Each structure stands twice: as structure tokens, then as C-alpha cells.
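User: I am new to this structure and would like a close look at one part, the nonpolar core. Please explain how it is built and then place it in the rest of the model.

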Amino acid sequence: MPLIVDKDLCNSCGECMDRCTMDIIRLDENGFPYKKYDECWYCGVCEEDCPENALILELPFLVK
Ligand code: SF4
Ligand code: SF4
């Protein structure tokens, strides 16, 4: 499942990338985060630690 980024709120600080427990987040050419790899285990750290509340972590059906 992709990260949903509110591009009006995201300031491209990279905090989500730095804190991702699986080190799978990267910033794209516009400075917005995306999951580069598939190993997300839906810990929620990226969403919780975003200082701008710009991230929404969509959970796959089986994790809900
Ligand atoms: S932590 Fe939040 S504001 Fe910073 S790059 Fe990630 S989504 Fe954007
Ligand atoms: S939910 Fe956890 S593993 Fe998945 S992208 Fe966010 S910090 Fe990384």
C-alpha cells in the first residue's frame, strides 16, 4: 500500500525517511516521500512522527 502524502502539508523534512523502521522510505524528485521497497510492516512510525501530520498510512485489509 502506498503512503498518502498531503503535499500542502509536507515540508520535505525527511523525518519519515529517517525514522522508518525498515528504511524503505525515500523522497522523490519533488521532495515527497514514497515507499521504495515493499517490506513495510505497518508499524505506523512514519505517520506518527511526521511533524506536519502530512502522512496517512493506508493499512491493507488483512492488517486492519
Ligand atoms: S516527515 Fe512529514 S513533512 Fe517530513 S518529509 Fe515526511 S511526510 Fe513530509
Ligand atoms: S509503517 Fe513503518 S515500516 Fe512502513 S513505511 Fe512507515 S515507518 Fe516504514
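Analyst: Two residues are in contact if their C-beta atoms, placed from the backbone, lie within 7 Å. The model is a predicted one, and everything below is computed from it.

Start with L3, which belongs to strand β1, residues 3-5. L3 counts as buried because it has 21 C-beta neighbours inside 10 Å, and the cut-off for a buried residue is 20 or more. Leaving aside residues up to four places away in sequence, L3 touches P33, Y34, K35, C46, L55 and L57. Strand β3 covers residues 33-35, and helix α2 covers 45-49, so by the contact rule L3 touches residues in both of these elements. L3 can also be set against L59: 56 residues separate the two in sequence, and their C-alpha atoms are 9.7 Å apart in space.

L3 is one member of the largest nonpolar core, which has nine residues. The others are C16, C20, I25, C46, C50, A54, L55 and L57. In soluble globular proteins, nonpolar side chains tend to be buried together.

A second member of the core, I25, lies in strand β2, residues 25-27. With residues up to four places away in sequence again set aside, I25 touches C16, M17, C20, P33, K35 and C46. C46, P33 and K35 appear among the contacts of L3 and also among those of I25.

Some core residues also appear beside the ligands. Around ligand 1 there are 13 residues, and the nearest are C10, C13, E15, C16 and C50; C16 and C50 are core members. By class, this shell has eight nonpolar, three polar and two charged residues. Ligand 2 is surrounded by 14 residues, with C20, C40, C43, V45 and C46 the closest; C20 and C46 belong to the core. The shell of ligand 2 has eleven nonpolar, two polar and one charged residues.

Now the setting of the core. The protein chain has two helices and four strands, which follow the pattern β-α-β-β-α-β along the sequence. The radius of gyration is 11 Å, close to the 11 Å that the globule rule gives for 64 residues, so the chain is as compact as a globular protein of that length. The C-alpha atoms fill a box of roughly 30 × 20 × 15 Å along the principal axes. Buried residues make up 17% of the 64 residues. Of the contacts between residues at least 6 apart in sequence, 52% join residues at least 24 apart.

Three loop residues contrast with the buried L3. D23, in the loop between α1 and β2, counts as exposed because it has 12 C-beta neighbours inside 10 Å. The C-alpha atoms of D23 and K36 are separated by 9.1 Å, with the two residues 13 apart along the chain. S12, in the loop between β1 and α1, has 16 C-beta neighbours inside 10 Å and therefore counts as partly exposed. Y42, in the loop between β3 and α2, is also partly exposed because its count inside 10 Å is 15.

The backbone at two of these loop residues deserves a remark. Most residues other than glycine have a negative phi. S12 is not a glycine, yet its phi is positive, about 60 degrees. Y42 is not a glycine either, and its phi is also positive at about 60 degrees.

Notes: Residues are numbered from 1 along each chain as its sequence is written. Chains are lettered from A and ligands numbered from 1 in the order in which they are written. This is a predicted model: local features need pLDDT of at least 70, side-chain atom pairs count only at pLDDT 80 or more; totals for chains, interfaces and linings use all residues. A residue is near a molecule or strand if its C-beta atom, placed from the backbone, lies within 6 Å of it. Ala, Val, Leu, Ile, Met, Phe, Trp, Tyr, Cys and Pro count as nonpolar, Asp, Glu, Lys and Arg as charged, and the others, Gly among them, as polar. A nonpolar core is a set of buried Ala, Val, Leu, Ile, Met, Phe, Trp, Tyr and Cys residues joined through C-beta atoms within 7 Å. The radius of gyration is taken over C-alpha atoms; the globule rule is 2.2 Å times the number of residues to the power 0.38.
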